[in-house]
Amino acid sequence: MMWYDPQPFTLGGDPRANLKITGLSAGYGPFLVLRDLALEVRPGLTVILGPNGAGKTTLLKALAGLIPRQGEVLLNGEVLPTQTNEIVQRGMALVPEGRQLFAQMTVTENLELGGWLVPKAERARRLEEAFADFPKLRERAHQLAGTMSGGEQQMVAVARAMMSGPRLLMLDEPSLGLAPKMVAELLGMARRIADAGTTVLMVEQNVKKALAVADRGYVLERGTLVASGPATLLARSTVIREAYLGVDAAVRTAAVSRTASSALPA
Ligand SMILES: Nc1ncnc2c1ncn2[C@@H]1O[C@H](COP(=O)(O)OP(=O)(O)O)[C@@H](O)[C@H]1O
Ligand SMILES: [Mg+2]
């Protein structure tokens, strides 16, 4: 049995969300990691690729309100608040790098924390939906999260984020440290969440597999966007092949833009 139900997800998904980001800068204290980024997250699955230290996590943290940001972020045309709880209430949820579950709490308790902003009765209803969406978690409902494998913990982390009923789900390197079979299952799950209507913005190091499930992608290097485009074209582009897939052959793909902060082709 798979970790998630191959039927459409019950949690999340309505209405289909988009983000428009312009002039985004963010960093840590006086140290700016991201400078003047412009990007668009459309309904479907968008992946952010790039080497270690490029600023991928910083981007998701800034969008989630975990660090200060400058610039404009519009969620479905409305200005996104800067406070984390207000951002969650508007329908954005983050599955952080390294899962960050409460190891000494059970699966159920971790999931309930994902519904901290909703009334108790609604939280109970969503817990049922989470168990319907992720049937294997029901079997593990009373297991301490810290005793689960990496892949299992990642599923709990995703289900916890879905408990907030997000319109837009952000995933920070969900496949990090997982065995290939589990990587495939997680990326497949991200795809299904997107297909069910929740917009997904995913950071991944697993370039090839991520582009295989994504609709569109951006490549971030040293805090700047260096390429963007449809996933199929990005996978064939020079910038991706040379830097990440170890292919020498230069395949020029005109539809993939290489300019900084470029918008996606229509
Ligand atoms: N809490 C922090 N304080 C100061 N600098 C940080 C902090 N977190 C990350 N950085 C720095 O910000 C840059 C981008 O990091 P990060 O966004 O984590 O990159 P990525 O997720 O792409 O690997 C790196 O130079 C990193 O050292
Ligand atoms: Mg990171």
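## A hairpin and its sheet

Leucine 19 faces valine 41, a residue of strand 2, and this pair is a convenient place to begin reading the structure, which is a predicted model. Strand 1, made of residues 19-28, runs antiparallel to strand 2, and the two are joined over 7 bridges. The hairpin that they form has 2 residues between the strands, and glycine 29 in this hairpin takes a positive phi near 60°.

Strand 1 also pairs with strand 4, residues 69-75, again in the antiparallel sense, this time over 6 bridges; here isoleucine 21 has valine 73 of strand 4 as its bridge partner. These pairings belong to an open sheet of 4 strands with antiparallel pairing, in which the order is 2-1-4-5. Strand 2 and strand 5 (78-79) stand at the edges of the sheet and have a single partner strand each, so one side of each is left without a neighbour in the sheet.

## The surroundings of ligand 1

Which residues surround ligand 1? The shell consists of Tyr28, Phe31, Val33, Gly50, Asn52, Gly53, Ala54, Gly55, Lys56, Thr57 and Thr58, and these divide into 4 nonpolar residues, 6 polar residues and 1 charged residue. Strand 2 (31-41) and helix 1 (56-63) each supply at least two residues of this shell, and the largest share, 3 residues, comes from helix 1.

Helix 1 has a second feature that can be followed in the model, for 8 of its 8 residues are buried, so the helix is largely enclosed by the rest of the structure. The buried residues are Lys56, Thr57, Thr58, Leu59, Leu60, Lys61, Ala62 and Leu63. Just after helix 1 comes glycine 65, which takes a positive phi of about 80°.

## Helix 7 and the nonpolar core

Helix 7, residues 180-195, has 16 residues and reaches 22 Å from its first C-alpha to its last, which is close to the 22 Å expected at 1.5 Å a residue. The buried residues of helix 7 are Val183, Leu186, Leu187, Met189, Ala190, Arg192, Ile193 and Ala194. An α-helix has 3.6 residues a turn, so residues three or four places apart point the same way. The buried residues of helix 7 pack against strand 3 (45-49), helix 6 (150-162), strand 7 (168-172), strand 8 (199-203) and helix 8 (207-213). Helix 7 is followed by glycine 197, whose phi is positive, near 115°.

Alanine 190 deserves separate attention, since the largest nonpolar core has 77 residues, of which Ala159, Met170 and Ala190 touch the most other members. If residues up to four places away in sequence are not counted, alanine 190 touches Leu45, Leu171, Pro174, Val200, Met202 and Val213.

## Arginine 140 and the chain as a whole

Arginine 140 lies in the loop between helix 5 (135-139) and helix 6. Is arginine 140 buried or partly exposed? A residue counts as buried if 20 or more other C-beta atoms lie within 10 Å of its own; arginine 140 has 19 within that distance, so it is partly exposed. Arginine 140 touches Val107 and Met148, leaving aside residues up to four places away in sequence, while glutamate 152, which is 12 residues apart from arginine 140 in sequence, is 9.6 Å apart from it in space, C-alpha to C-alpha.

The chain has 10 helices and 10 strands, and buried residues make up 46% of its 266 residues. Among contacts between residues at least 6 apart in sequence, 70% join residues at least 24 apart.

Technical notes. Residues are numbered from 1 along each chain as its sequence is written. Chains are lettered from A and ligands numbered from 1 in the order in which they are written. This is a predicted model: local features need pLDDT of at least 70, side-chain atom pairs count only at pLDDT 80 or more; totals for chains, interfaces and linings use all residues. A residue is near a molecule or strand if its C-beta atom, placed from the backbone, lies within 6 Å of it. Ala, Val, Leu, Ile, Met, Phe, Trp, Tyr, Cys and Pro count as nonpolar, Asp, Glu, Lys and Arg as charged, and the others, Gly among them, as polar. A residue is buried if 20 or more other C-beta atoms lie within 10 Å of its own, exposed if 12 or fewer, and partly exposed in between; C-beta atoms are placed from the backbone. A nonpolar core is a set of buried Ala, Val, Leu, Ile, Met, Phe, Trp, Tyr and Cys residues joined through C-beta atoms within 7 Å. Two residues are in contact if their C-beta atoms, placed from the backbone, lie within 7 Å. Two strands pair if DSSP finds at least two bridges between them. The expected span of a helix is 1.5 Å times one less than its number of residues.
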